[in-house]
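Got the model open in your viewer? Here's a walk through it, one selection at a time.

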Amino acid sequence: MPATRRRALLGGQTAVVGLVVLIASFVVRRRRVPMRAAAVVLIATGAGVSLLPLVVDAYPTTYRRPPVTYHATSIAAGMVVYREHCAACHGAMGVGGGTSAPRPLTSPPTSRRHAGELFWLVTHGSPGRGMPGFETRLREARRWDVINFIRALGAAEGSKTIGRQVELDRPWLVAPDFTISVGPLAPGALRDYRGRRMVLLVLYTLPGSRARLTELARTYHVLWVTGVEIIAVPTHTAAAAISELGSSPPVLFPVVTDGERDVVETYRMLAPGPHAEFLIDRQGYIRAIWREETGGVQAQVEKLNEEKNVAPFPDDHVH
């Protein structure tokens, strides 16, 4: 990138000189034709030097909008496909180490490719690098699922810099959407809370998480008043999740009872372990992660409530 910037700067300066010569040719009376010819050459050369490094290869699907949203169900499905067809070469977490040791998927230049570019490569392969195409082996939706999983791999790598303290005015990690199914109630979605409430997503495992869930149940009203909804997701089979928590103290926040596996597999990429908590702001960005020790959530909520610069809602599709 530094070489590209230097070349673009040099080309821009050359073109400016050519423009100055062209303007001067209209002022002087002698040698106008040679000056204008030289000006044209300088402008053309400068443009060529500065623009050539900025030209990128594009595929027919490079700027195509993915039809599949960045959703836990898609990411989890992509994880299965990736493990079956991709991990042997690209490594379990996309950082290489497989049989052919290709470029890591979680760092440039691959991580900077448009989703449409990745889709084209997954579909048609890259013969020069020994990568086969999967157009006839995977349905289109499954190929987009793999793209979502690859993006989640990059998010998992970047999320290592996010800890228990909110960094004000620096939202960047998009929270994957997921379905919230609670007993017989109509399912909702994480994105339904955008613009309305923050969400404290809690992945829990019994019996180890029981004390923390009891604490959250007792302080739920405090978090609710400050604009937070708690959504608890068990890391085990969830059919009896609500009854397992008991009634003292009463658990008034949503506890997912169906579809928990996709949520757990997706968010465990960001915080592996039996218990983890994610503070998601009103716009849909993960702002703090508790991977082991818990507590201090209220202080981080107050920081977000004082945040002045509000980011736009993230797109529901990866780019």
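Start with the whole chain: of its 319 residues, 42% count as buried, where buried means under 20% relative accessible area, exposed means over 50%, and partly exposed is in between (1.4 Å probe, protein chains only). A word on ground rules: this is a predicted model, so local features need pLDDT of at least 70 and side-chain atom pairs count only at pLDDT 80 or more, while totals for chains, interfaces and linings use all residues. Residues are numbered from 1 along each chain as its sequence is written, and side-chain values use heavy atoms, with hydrogens and water left out.

Switch to cartoon and you get ten helices and six strands; these are DSSP runs numbered from the N terminus, with helices being H or I of at least four residues and strands E of at least two. The radius of gyration is 26 Å, well over the 20 Å that the globule rule gives for 319 residues, so the chain is more spread out than a compact globule. (That radius is taken over C-alpha atoms, and the rule is 2.2 Å times the number of residues to the power 0.38.) Along the principal axes, the C-alpha atoms fill a box of roughly 95 × 50 × 35 Å.

**Aromatic pairs**

Now show the rings. The structure holds seven aromatic pairs, counting rings of Phe, Tyr and Trp (its six-membered ring) whose centres lie within 6.5 Å; planes under 30 degrees apart are stacked, over 60 edge-to-face, and the rest tilted. Select Tyr-59 and Trp-120: the ring centres are 5.9 Å apart and the planes sit at 20°, so this pair is stacked. Tyr-59 is in the loop between α2 (32-51) and α3 (72-85) and Trp-120 is in helix α5 (residues 115-124), so the pair ties together parts that are 61 residues apart in sequence. Tyr-59 is partly exposed at 27%, and Trp-120 is partly exposed too, at 24%.

Next, pick Tyr-267 and Phe-278. Their ring centres are 5.2 Å apart with planes at 70°, so the pair is edge-to-face. Tyr-267 belongs to helix α9 (residues 260-267) and Phe-278 to strand β5 (residues 276-280), so the pair ties together parts that are eleven residues apart in sequence. Are these two buried or exposed? Tyr-267 is buried at 0% relative accessibility, and Phe-278 is buried at 0% as well. Add Phe-178 to the selection: ring pairs link Phe-178, Tyr-267 and Phe-278 into a cluster.

**A charge over a ring, and a cavity**

Go to Arg-197. Its charged end sits over the ring of Trp-224, 3.5 Å from the ring centre; the rule asks for NZ of Lys or CZ of Arg within 6 Å of the ring centre and within 35 degrees of the ring normal.

Arg-197 also helps line the largest cavity, along with residues including Leu-190, Tyr-193, Ile-280 and Asp-281. How big is the largest cavity? Its volume is about 50 Å³, and the count comes to three cavities of 30 Å³ or more. On a 1 Å grid over the protein atoms alone, a cavity is a set of points where a 1.4 Å probe fits but cannot get out, while a pocket is an open set with protein on both sides within 12 Å along at least five of seven lines; lining residues have an atom within 4 Å of a point. Points are joined across faces, edges and corners, and a volume is the space filled by probe spheres set on them. The lining of the largest cavity divides into four nonpolar, one polar and five charged residues. Here Ala, Val, Leu, Ile, Met, Phe, Trp, Tyr, Cys and Pro are nonpolar, Asp, Glu, Lys and Arg charged, and the others, Gly among them, polar.

**The second largest pocket**

Select Tyr-70, Arg-151, Gly-154, Ala-155 and Val-318, which lie nearest the centre of the second largest pocket among its 18 lining residues. The volume of this pocket is about 400 Å³. Its lining splits into ten nonpolar, six polar and two charged residues.

**Backbone oddities**

Most residues other than glycine have a negative phi, and most peptide bonds are trans. Leu-206 and Pro-207 are joined by a cis bond with omega about 5°, and Pro-207 is in the loop between β3 (198-204) and α7 (210-225). Another cis bond joins Ser-248 and Pro-249, with omega about -5°; look for Pro-249 in the loop between α8 and α9. Last stop: Asp-169 has a positive phi of about 60° although it is not a glycine. Asp-169 is in the loop between α6 and β1 (179-180) and is partly exposed at 40% relative accessibility.
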